[in-house]
Amino acid sequence: MKSNASLIYNFLLMIGDFLALVAAFVGAYFLRAASITPVAHPVSGLTYLYVFLGLLPFWILIFALLGLYNSGIYEQRFKEAGRLLIGSFIGLLFVVFWNFLSVNPIFPAKLVPIYGFGLSFIFLLLLRTIARIIRTTLFGYGVGITHILVVGNTAISDEIIESFSNGRRSGYFVEAVVGDMRRTYRADYATFTEAAEAHGEKLHGIIQTELYADETRNREVLEYAMTNHLSYRFIPGNTELFVGNLEVELFRNSIPVIAVRQTALFGWGRVVKRLFDLFVSLVLLIISSPLWILSALAVKLSDPSGPILYRAKRLSRFGSPIFIYKFRTMKQAYNDMSPEAGFTKMGLPKLAEKYRANGDQLTNDPRISRVGKFLRAASLDELPQLFNIVRGDISLVGPRALDVFEIEKYTKKDQILSVKSGLTSLAIVSGRSGISYEERRKLDLYYVQNWSFWLDLVILAKTARVILERIFRHGARY
């Protein structure tokens, strides 16, 4: 059974975007027309509206080319906002260019397109937010739910079932599972034929997680999906192999092969990232100079016996050893000591076990000074690492710099170390110390394999939000 929910949703989004753009530029016209300053090119409201109604379909086409009507963009809010901004700008350039070629001016004044650009982005974001809320609400009533059949007896099958367990939020409902050894789900079948006969009328799509040794079984699943116009997705058992930068190429001009790179960060991407790091870190060094002075004074006055800066050996790209710098947050009595040595010195050796078991963190670490707790809460202790970024030791964004003890615990360390470490990371903006060590490494690995310049910008924006939230709402969490 073919599902038209996505098609209808896309169509309604197109109409909504069209109306949002009309409202934005009509609003821009009246904002300028209401001004007491005379306009340069008097244009009647109806003429202005008719021209825009004729041009806006091309603007919607630009949105479509940017993928704003693909289902994959629905839940990726930052990516959607970025593409809306780019689409709004490109659409504005198209309209401005048309105005340049037109015999009669479209805009009554120069400020109208500027007003229109700002209003269009705001209205489009508002519309998409409302549409997302309505769509999720409809899921709660069973409207627009996609019914799928999971084929495969693998761990990935369990993850899919778990992630789709709340259909009112995910928009998916697992009708049944096909697995030779599976008898744990409410609707399990040993063969695909049995599942198709029992649930075929309800299905919208098939997700296969296991490639059978018998090719006829694989062909049966795929042909059934094609014949019944169902969506078909295949998730390979080695999922880590198929993330990151992929290219499909013809080997010896005849055999299609998939080329998998260890990271998406290569070539011009590395050049752009380095130039961006240099520019932003130099700007931040200048802006944050007063904070440097205040932080250094606070550290020295609170504990005069110790140094202001703390130097730590870490591993960065290709396992190269580097020394990163931070404002000292530990009490001098426990500075430059391993956690085991520090906790033993204070007579609390069991805290070292708790520290390691908790992913190398404690909620209230007694080794940290009062000033240190504030510096960590405000992330001011990280400021000296801007020098590391300028030197090229680390990047603004990347996997968290780890010491040898930490990285040796992770089996996929070589993949994480294929890029430079970062001042901030995907793990920090996804929960910082609130998530387990294993989850942090998975997020680091995801970043390495799926790097993009836009992802860096999103992480930086979220980092600023996390710091502000921790300062004003939650305080330090260690």
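The legends below accompany an overview and several close-up views of a predicted model.

**Overview. The predicted model as a whole, with its secondary structure and its surface.** The secondary structure of the protein comes to 19 helices and eleven strands, and of its 478 residues 41% count as buried. Among contacts between residues at least 6 apart in sequence, 69% join residues at least 24 apart. About 26,300 Å² of the protein is exposed, and carbon and sulfur atoms supply 64% of that area.

**View 1. Helix α4, its buried residues and the turn of chain that follows it.** With 30 residues, α4 reaches 44 Å from its first C-alpha to its last, which is close to the 44 Å expected at 1.5 Å a residue. The buried residues of α4 include the nonpolar side chains of Val 112, Leu 119, Leu 124 and Phe 139, but Arg 128, Arg 132 and Arg 135 are also among them. Two of these arginines, Arg 128 and Arg 132, are linked with Asp 17 and Glu 80 in a network of salt bridges. After α4 comes Gly 142, whose phi is positive, near 80 degrees.

**View 2. A nonpolar patch on the surface that includes Tyr 141.** The patch is formed by Leu 126, Ile 130, Ile 134, Leu 138, Tyr 141 and Val 143, which together have about 610 Å² of accessible area. Tyr 141 is found in the loop between α4 (111-140) and β1 (146-151), and, with a relative accessible area of 70%, Tyr 141 is exposed.

**View 3. Helix α8 and the elements that its buried residues pack against.** The 13 residues of α8 (residues 215-227) should span 18 Å at 1.5 Å a residue, and the end C-alpha atoms of the helix are indeed 18 Å apart. Asn 218, Val 221 and Ala 225 are the buried residues of α8. Seen down the helix axis, these buried residues fall within an arc of 65 degrees, so they line one face of α8. Their packing partners are β1, α7 (192-199), β4 (205-208) and β5 (231-234). Just after the helix, His 229 takes a positive phi of about 60 degrees.

**View 4. Glu 201 in the loop between α7 and β4.** At 71% relative accessibility, Glu 201 counts as exposed. Although Glu 201 and Asn 228 are 27 residues apart along the chain, their C-alpha atoms are separated by 9.6 Å.

**View 5. A buried salt bridge between Asp 456 and Lys 273.** Side chains of opposite charge can pair when their charged atoms come close. By the distance rule used here, the count for the protein comes to eight salt bridges. In one of them the side chains of Asp 456 and Lys 273 meet, at 2.6 Å from N to O. The pair links distant parts of the chain, with Asp 456 in helix α19 (residues 453-474) and Lys 273 in helix α9 (residues 268-287), 183 residues apart. Both Asp 456 and Lys 273 are buried.

**View 6. Helix α13 and the salt bridge between Arg 400 and Glu 382.** In α13 (residues 370-377), the buried residues are Gly 372, Leu 375, Arg 376 and Ala 377, and just after the helix Ser 379 takes a positive phi of about 60 degrees. Arg 400 forms a salt bridge with Glu 382, in which the closest N and O atoms are 2.7 Å apart. Arg 400 lies in the loop between β10 (395-397) and α15 (404-408), whereas Glu 382 lies in the loop between α13 and α14 (385-391), so the pair ties together parts that are 18 residues apart in sequence. Glu 382 counts as buried, at 8% relative accessibility.

**View 7. The salt bridge between Arg 391 and Asp 393, which joins an exposed residue to a buried one.** The side chains of Arg 391 and Asp 393 meet at 3.5 Å from N to O. Arg 391 is exposed, with a relative accessible area of 58%, whereas Asp 393 has a relative accessible area of 14% and is buried.

**View 8. Arg 440 in helix α18 (residues 437-449).** At 14% relative accessibility, Arg 440 counts as buried. The C-alpha atoms of Arg 440 and Ile 428 are separated by 8.2 Å, with the two residues twelve residues apart along the chain.

How values were computed. Residues numbered from 1 in each chain as written. Heavy atoms only, no water. Patch = residues over 30% accessible without salt bridge, like charges linked within 9 Å, V, L, I, M, F, W, Y side chains within 5 Å. Areas by Shrake-Rupley, 256 points an atom, 1.4 Å probe, with all protein chains shown as cover. Salt bridge = Lys/Arg side-chain N within 4 Å of Asp/Glu carboxyl O. Helix = DSSP H or I, 4+ residues; strand = E, 2+ residues; numbered from the N terminus. Buried < 20%, exposed > 50% of the residue type's maximum accessible area, 1.4 Å probe, protein only. Expected span 1.5 Å × (residues − 1). Arc of directions from axis to C-beta. Contact = heavy atoms within 4.5 Å.
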